[in-house]
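Please open the model in your viewer and keep the selection tool at hand. The tour proceeds from one selection to the next and explains what is found at each stop.

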Amino acid sequence: MDVRVTDTPLLQWSGDGLVIGLFEEHVELTGDLAALDKNLSGTIQELISEVEFKGKEGSSTATRVGSGSAVRKVILVGLGKADTLKLDNIRRAAAVGARLAKKEKCKRIGVFLPTWSNAPTLTAQAIAEGIELALYQDNRFKSDPDEKTSQIEQVELLGLAGQDAAIVRAHHISSGVILARELVAAPANVVTPITLAETAETLAREYGLGLEILEREDCEKLGMGAFLGVAQASDLPPKFIHLTYKPDGNPRRRLAIIGKGLTFDSGGLNIKGAGSGIEMMKTDMGGAGATLGAAKAIAQIKPDVEVHFITATTENMISGHAIHPGDILTASNGKTIEINNTDAEGRLTLADALVFTEKLGVDAIVDLATLTGACVVALGEDIAGLWSTDDTIAQQLTEAGELAGEKLWRMPMEEKYFEGMKSLIADMKNTGPRPGGSITAALFLKQFVKETPWAHLDIAGPVWTDKENGYNGAGATGYGVRTLVNWVMSNP
Ligand code: BES
Ligand code: MN
Ligand code: ZN
């Protein structure tokens, strides 16, 4: 599929499907749209009246224009109210329009949407992202992928001439989001610590990233007892992956992104029971997926910022080698942890990853993790939790997420709750009481960061969606990639 901007005026455009955005409470046709409607013998106005189209966010409708017309089909998409329009409404409207155009068998489509907040570059980028992400279909595991269905071949964005670079950037970002989706959606017998390391190798080779993979013995030498404790019951070797993007010339900033990379989480000896969603635990590497997806995007966009991408990846399994509940592990900063629940494994892998990353001397660290069911209880499935010791990073991530259309909400670092993690015998336990479970998880991570500005995103909810929504199909969302790219690019 080819996405491009065009300077063809609306009234002169011809093709299979024209996607037009309309605001709620403002569906009357004026200006160019009124003139176009006249050219199309009043088809648009008829459609609006016939289906009582109201311009509501997410709504769409399509109709055939009389034969002989330059435009074969008109596709209307609702934008919601004009005064509350967000950039993500544009991304979603483009996605909804593209989906309907595909269903209507259009091959060449035009997209006519308003420019958000006088920002044509962001608008063009969002439209292109929305379309690419909406049309992506994961057929890797189907024996008969239905490739026979007709596909959109060309997309032209009207009214955005000159925004070619924004389309290229959207393509780079989408490729990262799609990599993250594919990694998360693939089951645990396909995406393993070994294949994640291979994916990192491919990224390093194709995009010229630096790559370091620490094997079990390397991690032992560094004293990563927390990470290796989690890994010890798996038949697969753990892999500690560290990719580096370095700009030509002096980096303006040096940043690090860490992703939880549990390719499967059985719970360990505190095994996940019925109704726990154990069959979804292939998604427990969603943080690693976002991290590698961001690496893929950033390596192509080439900002003047150095970025380290890190994941300590393994499985949480059971065997005669498994950690016993009650075992004491020593992390690479020397802190000792009494394992009172083997299912709180993500924080153990992240502990050693945080210690390793801080030694790189970066300016800021962000980690992403499908860390707690408690965060899903608190914020639901669409919103990630954000914890930070640093108001500046928290603010940067909030703005980055807003433009990305990835919802996140700042949560408290309530130090007092760490009392619930006190151990009689070790420096701390790995879990506290049930109330505030996502907060104590964040407080646990904080024990492994000394002074580098740091933020933690709990993405257990938004890593996956059961139903199609805008540019996200049902399944893995690739959550975090767009926010991370925005954060890296904006970081002052
Ligand atoms: N990977 C899970 C968290 C999770 C739960 C992600 C549901 C996605 C959906 C994590 O390792 C875990 O098991 N957390 C426990 C922590 C508890 C033992 C303190 C949880 O949330 O129940
Ligand atoms: Mn777990
Ligand atoms: Zn887990």
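**Stop 1: the largest pocket**

The largest pocket holds about 1,000 Å³ of space. Its lining is made of 38 residues; please select K272, L371, T372, G373 and A374, which are the closest to the centre of the pocket. The model on the screen is a predicted one.

Next, colour the elements that give two or more residues to this lining: helix α10 (346-358), helix α11 (373-379), helix α13 (437-446) and strand β19 (464-465). Which element gives the most to the lining of the largest pocket? It is α11, with four residues.

If the lining of the largest pocket is coloured by class, eleven residues appear as nonpolar, 16 as polar and eleven as charged.

**Stop 2: ligand 1**

Keep the largest pocket in view, and display ligand 1, which sits in it. There are 15 residues around ligand 1, and those that come nearest are K272, D284, D343, E345 and G373. Two of these names, K272 and G373, were already selected at the centre of the largest pocket.

How many residues of the shell around ligand 1 are nonpolar, polar and charged? The shell has three nonpolar, five polar and seven charged residues.

Now inspect the nitrogen atoms of the ligand. Select the side chain of D284: an N or O atom in it is 2.8 Å from a nitrogen atom of ligand 1. Move on to T370, where a backbone N or O atom lies 3.4 Å from a nitrogen atom of ligand 1. At L371, a polar backbone atom is likewise 3.4 Å from a nitrogen atom of ligand 1. Taken alone, ligand 1 would expose 510 Å², and the protein buries 75% of that area.

**Stop 3: the second largest pocket**

Hide the ligand and turn to the second largest pocket, which contains about 720 Å³ of space. Select R92, D382, G405, E406 and K407; among the 29 residues that line this pocket, they are the closest to its centre.

Then colour α3 (87-103), α12 (391-404), β16 (408-410) and β19, each of which supplies at least two residues of the lining of the second largest pocket. Strand β19 was also coloured at the first stop, as it gives two or more residues to the lining of the largest pocket.

By class, the lining of the second largest pocket consists of seven nonpolar, nine polar and 13 charged residues.

**Stop 4: the cavity**

Where is the space of the largest cavity to be found, and which residues line it? Select G229, V230, Q232, A233, G268, L269, N316, M317, A322, I323 and T342, which form its lining. The structure holds one cavity of 30 Å³ or more, and the largest cavity has about 50 Å³ of space. Its lining comprises six nonpolar and five polar residues, with no charged residue.

**Stop 5: D16**

Finally, select D16, which lies in strand β2 (residues 15-24). With which residue does the side chain of D16 share a polar contact of 3.5 Å? Display R72: its side chain is joined to that of D16 by this contact. Add R108 to the selection as well, since its backbone nitrogen lies 2.8 Å from a polar atom of the D16 side chain.

Notes:
Residues numbered from 1 in each chain as written. Chains lettered and ligands numbered in written order. Predicted model: local features only at pLDDT ≥ 70, side-chain atom pairs only at ≥ 80, totals over all residues. Heavy atoms only, no water. Near = heavy atom within 4 Å. Polar contact = N/O pair within 3.5 Å; in protein donor to acceptor, adjacent residues only side chain to side chain. Areas by Shrake-Rupley, 256 points an atom, 1.4 Å probe, with all protein chains shown as cover. 1 Å grid on protein atoms, 1.4 Å probe; cavity = no way out; pocket = protein on both sides within 12 Å on 5 of 7 lines; lining within 4 Å. Sits in = over half its atoms within 2 Å of the grid points. Nonpolar A, V, L, I, M, F, W, Y, C, P; charged D, E, K, R; others polar. Points joined across faces, edges and corners; volume = space filled by probe spheres on them.
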